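Please look over the sequence and the fold together before reading on. The paragraphs below begin with backbone geometry and then turn to the interior.

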Amino acid sequence: MPKLLEILLNPNPILRKKSLPVAVDDILKPDFQSFLADLKETMIKKDGAGLAAPQVGKNIRVVVIQNDNQIFFLINPVITKKSWAREIEEEGCLSVLSKKGEIIYAPVERHKKINCIYLNEKGEKKKISAEKLLARIIQHETDHLDGVLFIDKIAKIKPKKK
Ligand SMILES: [Zn+2]
């Protein structure tokens, strides 16, 4: 049974460290697979759009994302292409809470479209082209692997009302 992991809250030095790549040979090991299951379980229970390993205290390059009823892992993700076009939308993060313990939302400018290469949970090389919300989630989560939080990037302009 997967277990719920504790989510670290800002400020915490682990959230600010650059995380290390996962060795491909480790991906299929039972310990790593159970970590993936725990990370996924924690994201689902906390209702996050994504969760990065440093947020649960592990400085390794792993994130889990849920979008459009699909859940997938990105291991050692690298954003290989970024659109010139950008857009500003509000973001929140399970690691960034107000003093009352509520999620803080703030506008962040992100590339509208990206390409990303990564390894999946079986250690297979994958490539994804994403836009809009999914592109935003991937950029937010991969930032975590470099010790960057969305509050470092708050846009000065408000997002456009739709
Ligand atoms: Zn986050």
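In which helix does K132 lie? K132 lies in helix α2, where helices (H or I, at least four residues) and strands (E, at least two) are DSSP runs numbered from the N terminus. This is a predicted model, in which local features need pLDDT of at least 70 and side-chain atom pairs count only at pLDDT 80 or more, while totals for chains, interfaces and linings use all residues. Residues are numbered from 1 along each chain as its sequence is written.

Most residues other than glycine have a negative phi, and most peptide bonds are trans. K132, although not a glycine, has a positive phi of about 50°, and N69, in the loop between β2 and β3, likewise is not a glycine but has a positive phi of about 60°. With 5 other C-beta atoms within 10 Å, N69 is exposed, whereas K132, with 13, is partly exposed; with C-beta atoms placed from the backbone, 12 or fewer such neighbours within 10 Å make a residue exposed, 20 or more make it buried, and counts in between make it partly exposed. In the segment before α1 lies P11, which a cis peptide bond with omega of about -5° joins to N10.

The largest nonpolar core (a set of buried Ala, Val, Leu, Ile, Met, Phe, Trp, Tyr and Cys residues joined through C-beta atoms within 7 Å) has 29 residues, of which L39, L51, V63 and I138 touch the most other members. Two or more residues come from each of α1, β1, β2, β3, β6 and α2, and α2 gives the most, with five. Neighbours within four places in sequence aside, L51 is in contact (C-beta atoms, placed from the backbone, within 7 Å) with L39, T42, M43, V63, V64 and L94.

Key: Two residues are in contact if their C-beta atoms, placed from the backbone, lie within 7 Å.
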